[in-house]
Amino acid sequence: MSAPDHMASWVAVALVVLATVLVGGFGLRISRTTSDFYVASRTVRPRLNAAAISGEYLSAASFLGVAGLVLVHGPDMLWYPVGYTAGYLVLLVFVAAPLRRSGAYTLPDFAEGRLESRQVRRLVSVLVVGAGWLYLVPQLQGAGLTLKILTGAPGWLGDVLVATVVAAAVAAGGMRSITFVQVFQYWLKLTALLVPALFLVLAWQGDGRPRVSFDDQLAVFRADHPLYATYGLIVATFLGTMGLPHVVVRFYTSPNGRDARRTTVAVLALVGLFYLLPPIYGALGRLYTPELRYGGDADAAVLLLPAQVIGGLGGDFLGALIAGGAFAAFLSTASGLTMAVAGVITQDVLPSRGVRHFRLATVLAIAVPLVGSLLVSRVPVADAVGMAFAVSASSFCPLLVLGIWWRRLTPPGAVAGLLLGGGSALLAVAITVSGAVRPPGWPHALLAWPAVWSVPVGFLAMILVSLATPGRIPPGTNAAMTRFHLPEALSSARAAAGRER
């Protein structure tokens, strides 16, 4: 197999890192207040916010993992990009505007404001940190894989490099800083996949358009119960998006609920455009890098195709462009996750909430997953991220949907749902990653794709326990529901009229 030029890849990665630091430095210059650090003072307009959300959402799983899964398992894996995109439709309909109107800074803020319970807040904080760390590990491991393949560097170097740059960018300017970083990185990632894809398709046409066959697809992970795994994936990705900590926190930066909805519509367009590209790499990988199907490095197909198909100086240049885009994917998603986790640690773990403590929390937020990425054996990035979606769908989705739309939710109900739904999904993922239960068989399938059963468990537990504890409905429920569902102008007018009376 042709190898990419190491020097060109090093230059591309270095330029991306330098650009990230410079753009983050610009954000530092205009970050003045605590609100700037947490939610960019709620002044990010829809177009800018949509690009930033898309930048942090399109992670290693999107840039490398989807193509790798299509290469190995065939068109059935297109449910990943469909689910990743459609999740924003669910978020648009049920969550985006009410969540912004809640006035919260973080998910724990929302939970405490809605349910008036410190116990619920602490539990949500634990799950936010756990889900964030679970999502961060494959980002760092993907960076290590990318740098190893493209430059020959030790596998741990990419993990450490991404963690260091992310810690510096987030600690420097907080949300204001990473907003600009993520906007820049979305367009870089789109360009880094689109331009090489055009040349790869032209090369494929020049070869006489050989047919891509998926008749002999290798079903390593889904051989025993593929239908169940598919439904587990659909439920996790459709419902998990609304609860991802790094996605949710960006809606707090919108000026109002209307802008939050407009942001979500724009995200659907930007994310949908991006997801047209990875399946092209997966299909072409079937033709030109078939050996990756059996070596466990299918995620590397995107990185290796330009050198393999085009070769020469053109292949080196396109490979370097992809290298830069891949590194941007790791940096942008890791920045958003670190921001979300650091915000929770600052408010719920550290004794003070100042900017200095936020910077200390940033180091803690990235250090733990860095250690995990170096110690835990690598799982295909799309599968690893799918597990994080399952935890989010099983815990935060029931909390947000019922908290926003059902007046009778009580603190004991929320605790029961979070523990039984989110806790069981988190435990299932931990057992899967540890390798304690291996395929084939139903035990592995149920643990690897828990959303099919853990999401209903979370919803049912919240509903049944809330119905059994009607006396625990928070006294401020009516005021909270009014704030969630009335447009800001009407809500302010109603509050003013109440004060006059």
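Student: Why is Asp259 counted as buried?

Tutor: Asp259 has a relative accessibility of 3%, and buried means under 20% relative accessible area, while exposed means over 50% and partly exposed in between, with a 1.4 Å probe and protein chains only; therefore Asp259 counts as buried. This is a predicted model, in which local features need pLDDT of at least 70 and side-chain atom pairs count only at pLDDT 80 or more, while totals for chains, interfaces and linings use all residues. Residues are numbered from 1 along each chain as its sequence is written, and side-chain values use heavy atoms, with hydrogens and water left out.

Student: What makes the contact between Arg262 and Asp259 a salt bridge?

Tutor: A salt bridge is defined as a side-chain nitrogen of Lys or Arg within 4 Å of a carboxyl oxygen of Asp or Glu, and the N to O distance between the side chains of Arg262 and Asp259 is 3.4 Å, so the pair meets that definition. Arg262, at 44% relative accessibility, counts as partly exposed.

Student: Why are Arg262 and Asp259 said to be separated by about one helical turn?

Tutor: Because the two are three residues apart in helix α12, residues 257-274. Helices here are DSSP runs (H or I, at least four residues; strands are E, at least two), numbered from the N terminus.

Student: Which residues are linked in a network of salt bridges?

Tutor: The structure holds five salt bridges, and a network of them links Asp109, Glu112, Arg118 and Arg121. Within it, the side chains of Asp109 and Arg121 meet at 2.8 Å, N to O. Asp109 lies in helix α7 (residues 107-115) and Arg121 in helix α8 (residues 118-151), so this pair ties together parts that are 12 residues apart in sequence. Arg118 forms a salt bridge with Glu112, where the closest N and O atoms are 3.4 Å apart.

Student: How do you know whether Arg118 and Glu112 are buried, partly exposed or exposed?

Tutor: Arg118 has a relative accessible area of 40% and is therefore partly exposed, and Glu112, at 23%, counts as partly exposed. By contrast, both Asp109 and Arg121 are buried.

Student: What makes Tyr57 and Tyr84 an aromatic pair, and of which kind?

Tutor: Rings of Phe, Tyr and Trp (its six-membered ring) pair if their centres lie within 6.5 Å, and planes under 30 degrees apart count as stacked, over 60 as edge-to-face and the rest as tilted. The centres of Tyr57 and Tyr84 are 6.4 Å apart and the planes meet at 85 degrees, which gives an edge-to-face pair. This pair links distant parts of the chain, with Tyr57 in helix α3 (residues 46-57) and Tyr84 in helix α5 (residues 79-94), 27 residues apart. Both tyrosines are buried. The structure holds 12 aromatic pairs, and ring pairs join Tyr57 and Tyr84 into a cluster with Phe63, Tyr80, Tyr88, Tyr135, Phe274, Tyr275 and Phe389.

Student: How do you know that Gln141 makes a polar contact with Ser373?

Tutor: A polar contact is a pair of N or O atoms within 3.5 Å; within protein, one must be able to donate a hydrogen and the other to accept it, and residues adjacent in sequence count only if both atoms are side-chain atoms. A polar atom of the Gln141 side chain lies 3.2 Å from the backbone oxygen of Ser373. Gln141 is in helix α8 and, with a relative accessible area of 8%, is buried.

Student: What makes the phi of Glu116 and Arg209 worth a remark?

Tutor: Most residues other than glycine have a negative phi. Glu116 has a positive phi of about 55 degrees although it is not a glycine, and Arg209 likewise has a positive phi of about 55 degrees without being a glycine. Glu116 is in the loop between α7 and α8 and, at 41% relative accessibility, counts as partly exposed. Arg209 is in the loop between α9 (155-206) and α10 (226-240), and its 54% relative accessibility makes it exposed.
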